[in-house]
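Q: Please take a close look at a single part of this model. I would like one connected account of it, followed by some other places for comparison.

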Amino acid sequence: MSRKIVVIGGVALGPKAASRITRMDADAEVTLVDAGSLISYGGCGIPYYISGDISDYQQLQETSFHMVRDADFFRECKHVNVMTETRALSIDRKARTVLVQTKDGEQKTLPYDKLILGTGSTPRSLPIPGKELANVFTVTTLEQAIRVKEQISSGKTGSAVIVGGGLIGLEMAEALADMWGIETTIVEMADQIMPGFLSPALAKIAHRHLAERDVALYTSETVRAIEGENGRAARVVTDRRTLKADLVILAVGVIPNDELARQAGLLCSDRGGIVVSKTMQTSDPNIYAGGDCVVIENLVTGKPGYYPLGSMANRQGRVIGTNVAGGRETFEGGLGTFIVKIFDYAFAGTGLTLPVARREGFHAFSTQVMMPDHSHFYPKRDMVALEIVVERPTGRVLGVQGASRNGDSLKDRVDAVAAILKYRPVLADISNMELAYAPPFGSAMDVLNAAANAAENILAGRSIPLTPEEFIRLWENREQEKLLCIDTREWSNAEPYVGRHPDFWKNIPQGQIRNRQDEIPKDRKVVLVCNSGARSYESQVILHQAGIMEPLNLQGGMGFIKELGLDPKDE
């Protein structure tokens, strides 16, 4: 007798699990239920459909061989019965049935031997007036994206306000401003964009680039209301200003859809999300769950974490499908590895940022490096800014984040760390990591190796670091701080700075510093600088060996400082 499998949720996890089951158990009767009319689409592609990079929404539903993944496709190609526009109302665990309601109001009872919950997430609601106005969207479903695209295409959208500076909000900002030329503003209540994903320093690079592309950004600001005219949004009111808006995108995060599970008595987290085992089983062994509706273990902290990521949902779907079909696979947990494109830059990360690591109780520090992604002598290269987060005194690597105009180069480095973080690597594992090398593809000493080397030097006390942010604060108060920057580059690099700020900038090339130690004053706060932090570190070692311990080494060098939007020679 064939087993009956019911899958609730048809975007990412559900279709993957259903297809895996029928591949492994040809006799299984699999029914996929979804409340929407469109299923099995690449939700992460929504901003690129809105931008016009993807011309037709059906491309987000297509397979690599251009078949549309609709109900007919799943029935004919995957042996899965699909019920769209059908809402799951309740689960009777004792009877092993699911009560569903179709679009026309008819209710049906679906029996199951195994049940899979892929109920996804819901946009976080803002408790503000006006959120129900006609041109206010959340852009979390393909149906909503189609409506946004229709409004923009009508030519009646001159201004847009995006509430939320997370991944979706930033991708939408690019989609609206770049392709459509819409006057775009982001409002973020935190003091930086991508809080929890990027360090403050890397976030500043993103802030600067948004400004370069004429996207207004207001941080540390709270939206109070959306005001409308004739039933449509016209203005967004914050605690500091009023912004004109023909279109409003609410992108303040999502919460797991766990209500169906809670009503059925399944174990759920107090903070939201269904609790699952490593086999993706809920507290009921006959019910599995995955994707945006579950919490899983963070592989760095060991604590529950929430990761609404499409790639993770697909991988979990395969594990669930295997287990429901009689196999046994595990999903160990997650790291929240991400990458996002913001106009000409990519930003990526895995594991913990420094603020998050400290909040989680780690005695942590971080360091930044800035290096070319290819050999310095190779004509085509881009700079990569990396920040590595490390636990004291163990040297355990807790995370890495970065920024680069070459997203592929950045992704390669972040992925390499993501692959080993669950094994609790220490700095030596990264500094000695073997990476493919040829001048057109990388450096003999990769930027990832260099980041770990820099952190090792700090941990061992060989390098006394100054972060880029600390340098900026010192520079802004240079007179009071009695700051003196010793530029360890050659004169051609240092001359514009010495010429512009002779009282605060002095050139002593690294090759000369051993013989010019007496030129370093004892009554000034001395910071050693170079392009990347390498020559200034060498200079610091020489001075320390001579017993001069005060000078600090600017991490990431002037390259990182320039990325943050400060270049003292231009002041």
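What follows is a request about one helix, and then the answer. Which residues of α8 are buried, and what covers them?

A: The model is predicted, and every value below is computed from it.

Helix α8 covers residues 310–324. The helix has 15 residues, which at 1.5 Å a residue should span 21 Å. Its end C-alpha atoms are 21 Å apart, so the expected span and the span in the model agree.

The buried residues of α8 begin with the pair Met312 and Ala313, followed along the chain by Gln316 and Gly317. The list then runs from Val319 through Ile320, Gly321, Thr322 and Asn323 to Val324. The cover over these residues includes two elements from the start of the chain, β1 (4–8) and α1 (13–24). It also includes the strands β7 (114–117), β19 (287–289) and β20 (294–297).

Met312 can be taken as an example from the helix. Its relative accessible area is 4%, and because buried means under 20%, Met312 counts as buried. Setting aside residues up to four places away in sequence, Met312 touches Ile296, Tyr307, Phe331 and Gly334. One of these partners, Ile296, has a number that falls within β20 (294–297), which is among the elements covering the helix. Between the C-alpha atoms of Met312 and Gly333 the separation is 9.6 Å, with the two positions 21 residues apart along the chain. Just after the helix, Gly326 takes a positive phi of about 115°.

Strand β14 (residues 232–238) is another element with buried residues. Here 5 of the 7 residues are buried, so the strand is largely enclosed by the rest of the structure. β14 pairs with strand β13 (residues 223–229) in the antiparallel sense, over 6 bridges. In that pairing Gly228 stands opposite Ala233 of β14. The hairpin of β13 and β14 has 2 residues between the strands, and Asn230 there takes a positive phi near 55°. β14 is also joined by 3 bridges to strand β15 (residues 242–244), again running antiparallel. Arg235 stands opposite Lys244 in β15, and the hairpin from β14 to β15 passes through 3 residues.

A further buried residue, Asp487, is found in strand β28 (residues 483–487). Its relative accessible area is 0%, so Asp487 is buried. The side chain of Asp487 makes a polar contact of 3.0 Å with the side chain of Trp505. Beyond its neighbours within four places in sequence, Asp487 is in contact with the run Trp505, Lys506, Asn507, Ile508 and Pro509, and with Ala494, Tyr497 and Val529. According to an unreviewed UniProt entry, residues 479–570 carry the annotation "domain: Rhodanese". That span is 35% helix and 17% strand, and its end C-alpha atoms lie 18 Å apart.

The cysteines complete the account. The count of disulfides in the model is 0. Cys44 is in no disulfide, and the nearest cysteine sulfur, that of Cys293, is 16 Å away. A disulfide here needs the two sulfur atoms within 2.5 Å. Cys44 has a relative accessibility of 55% and so counts as exposed, while Cys77, at 42%, counts as partly exposed.

How values were computed: Residues numbered from 1 in each chain as written. Predicted model: local features only at pLDDT ≥ 70, side-chain atom pairs only at ≥ 80, totals over all residues. Heavy atoms only, no water. UniProt positions renumbered as here; feature names shortened; annotations may be inferred. Helix = DSSP H or I, 4+ residues; strand = E, 2+ residues; numbered from the N terminus. Buried < 20%, exposed > 50% of the residue type's maximum accessible area, 1.4 Å probe, protein only. Polar contact = N/O pair within 3.5 Å; in protein donor to acceptor, adjacent residues only side chain to side chain. Contact = heavy atoms within 4.5 Å. Expected span 1.5 Å × (residues − 1). Pairing = 2+ DSSP bridges.
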